Amino acid sequence: MAPAFQLLLFFYGLALPLNWAWQLADRPVPPGWMLVLATDLLTAATALVGVVLVRRGYLRRAVRLFICALLGSSVMTWHTLGAHALLIDQTPLLLLLVMAGLVLGRRALWSTWFGILLVVAVGMHTDYHLGHDSQWTANAMRNGPSLVLAWLIIAFILDRTASALRDSLLRERRHSAALRGEIDQREMLQQHLLHAQKLEIAGRLSSGIAHDFNNLLAVIRGFCDERNRVAGSPQQREAALVDALEGIETAARRGDYICRALLRLSRHDSAHAERFGVRAALLELQPMLGQLFIRRSQLKIGDVDGDAHLFMDRNQFDLIMLNLVANARDALGPLSRGQVVIEVMQDKGSVQLTVTDDGHGMDALTRQRMFEPFFSTKPRDQGTGLGLPVVSDVVHANGGRIEVHSTCQVGTQIRLLFPAG
């Protein structure tokens, strides 16, 4: 409302002096009107001061000052001229009601209404005691009560309208405050959610790293245990030690690959694909995979097509085999004499890599959830449920698919089908 009232006060501050200038252009100030001129000019000056106050943000103070000035001016004017001369123009009095009701509130509205009654009473008192024109005075006395009633109705309408507007504004402010509180709460909940997601991601990442490194550490421990199992001449022990060190080096390379994979993940780099022969890759991996078993004879490289080639990241292939063989070993159990057999064949443009064990097998529910992250049938301190999901992700990322055949107490066969390289 500030711009509208600022314009109104500015108009009132200019209109009164201009009106007097036009009235006095061709005639002097009428007798007894000098006080009216002074009070009008004072009211105009107050209106211009109110414009300055509104521009500085003091709207209520400006309106309150203008109402007081206009009421005081009206009292002086009606006391001088009487009611019969001023009841014709009711604009200033209605303006007082509107400004008080819309800006200052209910108390100011009704205080202004009683102030207007005082102004009218002063004017009628002047008419009655000074004996002004009887006809005009009679008209003023007759119209005065109806005008007072009209002002009462206007004041009541303004009261209800302003109250409704203030209640609506209050509800809107409460709603805005509640909305701001809800937004703040949602932002806080979002921050908590982001923090929880970060913790979950960190937990999943650390679990995956722990799973893969645990397999590598098992290989390294197996090679280290060679010193207790190798017997014979110093030359034989030296040869076994060299083989063990080569196996440890291979395991270390797998660990280096895991670290580089994490770095690629943070930089969104792609894997380094290459064409390689599956038979040569398995023969190179065999010593490391054999260290996962108490008896190396439990791991057997079966029929492997020498023409089978794959085009993928070689380290991903090693990671697949390490996870599949480690799971197959766990299916055998520590005291089992069963075997894990790896076979490879190429047929019609695809390479089929099969890992078969004669362990405890899986039921239907386990087969359904075996590739679900963090699902594991192993004890909590022995499995993370990430090995097979990693295998599934890598196989599908390289355009392959997985087939699983398993029977409880009979064994499991996992077949990977890749496009031939």
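**Charges over rings.** I looked first at Arg-61, whose charged end sits over the ring of Tyr-58 at 4.5 Å from the ring centre; for this I required NZ of Lys or CZ of Arg to be within 6 Å of the ring centre and within 35 degrees of the ring normal. Arg-314 places its charged end over the ring of Phe-276, 5.7 Å from the centre.

**Basis of the entries.** I am working on a predicted model, in which local features need pLDDT of at least 70 and side-chain atom pairs count only at pLDDT 80 or more, while totals for chains, interfaces and linings use all residues. Residues are numbered from 1 along each chain as its sequence is written, and side-chain values use heavy atoms, with hydrogens and water left out.

**Helix H2.** I checked the length of H2, residues 34–55, where helices are DSSP runs of H or I with at least four residues and strands are runs of E with at least two, both numbered from the N terminus. The expected span is 1.5 Å times one less than the number of residues, so the 22 residues of H2 should span 32 Å, and the end C-alpha atoms are indeed 32 Å apart. I then listed its buried residues (under 20% relative accessible area, with exposed over 50% and partly exposed in between, using a 1.4 Å probe and protein chains only), and found among them Val-36, Leu-37, Asp-40, Gly-50 and Val-54. Helix H1 (2–23) and helix H3 (59–81) are included in what covers the buried residues of H2, contact being heavy atoms within 4.5 Å. After H2 comes Gly-57, with a positive phi near 95°.

**Aromatic rings.** I searched the whole structure and found four aromatic pairs. The rings of Trp-113 and Phe-114 have centres 5.0 Å apart and planes at 80°, so I recorded the pair as edge-to-face. The rings are those of Phe, Tyr and Trp (its six-membered ring), paired if their centres lie within 6.5 Å, with planes under 30 degrees apart counted as stacked, over 60 as edge-to-face and the rest as tilted. Both residues belong with Trp-110 to one aromatic cluster, and Trp-113 counts as buried at 9% relative accessibility.

**Positive phi outside glycine.** Most residues other than glycine have a negative phi. I noted Lys-348, with a positive phi of about 55°, in the loop between strand S4 (340–347) and strand S5 (350–357); Lys-348 is exposed at 82% relative accessible area. I also noted Gln-409, with phi near 65°, in the loop between strand S6 (401–407) and strand S7 (411–419), and Gln-409 is exposed at 67%.
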